[in-house]
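Please open the model in your viewer, with the cartoon shown and side chains ready to be switched on. The tour moves from one selection to the next, and each stop says what to look for.

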Amino acid sequence: MLQLKQQIAAVAPSDSWVLIKGENGTGKELVARTIHQLSGRSANPLVDVNCAAIPEELIESELFGHEKGAFAGALAKKRGKFELANDGTIFFDEIADMSLKTQAKILRVLQENQFQRVGGSRTLTVNVRVLAATNKNLEQEIEAGNFREDLYYRLNVVPIEVPPLRERRNDIGRLCEIFLQESAKKNRTAEKALGSEALEMLMEYPWPGNVRELKNLIERLVIMVAKPGIEGNDIPAPY
């Protein structure tokens, strides 16, 4: 994990674009958030784009915004993700799930830093830092015709590989501390402490679901364990 921390610390103060790679649940979004927080843009927005969740027919409106009356249901002007991220950072999560048509549209914006809202005629200029994440091998996706090569080289300025949790077990204790605090705040409960036996059990588990699985487990324990300390016998199977 030391190498990952060093990479984040090195790239964060720059304005370079970063392509974050790793298995599902490894914490790629956390890496992106950390890069933004350590950057000179931290006072400005970090805008997430879940590339797998936005329907194709809505992608232009989501990314570029629209003018009132641009289409049926457009009852008011809407600012898109790029406009909201101006002077900040835009994070494309699972960018390989974007269609080729959408890839072409964002490539133009990334090259020119300009776009128009749907139904609009005014050209808007933005200044954004781009972070992108993927759990797929983009070189293979290019060969298969699923990802644009020009977009790949545009994004892949500084590649960062996020190792799976099973390869960085020493991070589990610190991650548990973070998730214990976050879960207590989210669920409006008192913070709980993780006992040494419980931590040892979690460090021995292979974590096929990576950081996301650990986060979910900690939140479950914060909710379900009534006492202030989480012990080994509180950890459910198969952990």
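Begin by selecting strand β6, residues 129–134, in this predicted model: six of its six residues are buried, so the strand is largely enclosed by the rest of the structure. Switch on its side chains and look at the two faces in turn, where Arg129, Leu131 and Ala133 lie on one side and Val130, Ala132 and Thr134 on the other, all of them buried. The arrangement follows a general pattern, in that side chains of a regular strand alternate between the two faces of the sheet.

Next, add the strands that pair with β6. Strand β1, residues 18–21, runs parallel to β6 and is joined to it by four bridges; within this pair, lysine 21 stands opposite threonine 134. Strand β3, residues 89–93, also pairs with β6 in the parallel sense, again over four bridges, and here isoleucine 90 has valine 130 of β6 as its bridge partner.

From β1, continue outward to β7, which pairs with β1 in the parallel sense over four bridges; to find the register, select leucine 19 together with its bridge partner in β7, proline 159.

Now show the whole sheet. Which order do the five strands of this open sheet take? Reading across, the order is β2-β3-β6-β1-β7, with parallel pairing. The edges are formed by β2 (46–50) and β7 (158–161), each of which has a single partner strand, so one side of each is left without a neighbour in the sheet. If you look along the sheet, the twist from one strand to the next averages 20 degrees.

Leave the sheet and select helix α2, residues 28–37, whose buried residues are Lys28, Val31, Ala32, Ile35 and His36. These residues cover an arc of only 135 degrees around the axis, which puts them on the same side of α2. The spacing can be read against a general rule: an α-helix has 3.6 residues a turn, so residues three or four places apart point the same way.

For the last stop, select helix α8 (residues 172–186) and helix α9 (residues 196–204), which pack at an angle of about 115 degrees with their axes 10 Å apart. The crossing of α8 past α9 is right-handed. Show as sticks Ile172, Gly173 and Cys176 of α8 with Leu199, Leu202 and Met203 of α9, since these residues make the contact; sorted by class, the contact comprises five nonpolar residues, one polar residue and no charged residues.

How values were computed. Residues are numbered from 1 along each chain as its sequence is written. This is a predicted model: local features need pLDDT of at least 70, side-chain atom pairs count only at pLDDT 80 or more; totals for chains, interfaces and linings use all residues. Side-chain values use heavy atoms; hydrogens and water are left out. Buried means under 20% relative accessible area, exposed over 50%, partly exposed in between (1.4 Å probe, protein chains only). Two strands pair if DSSP finds at least two bridges between them. Axes are lines fitted to C-alpha atoms, for helices over the stretch in contact, and angles run from 0 to 180 degrees between N-to-C directions. A crossing is left-handed if the near helix is turned anticlockwise from the far one by less than a right angle, and right-handed if clockwise. Contact means heavy atoms within 4.5 Å. Ala, Val, Leu, Ile, Met, Phe, Trp, Tyr, Cys and Pro count as nonpolar, Asp, Glu, Lys and Arg as charged, and the others, Gly among them, as polar. The arc is that of the directions from the helix axis to the C-beta atoms.
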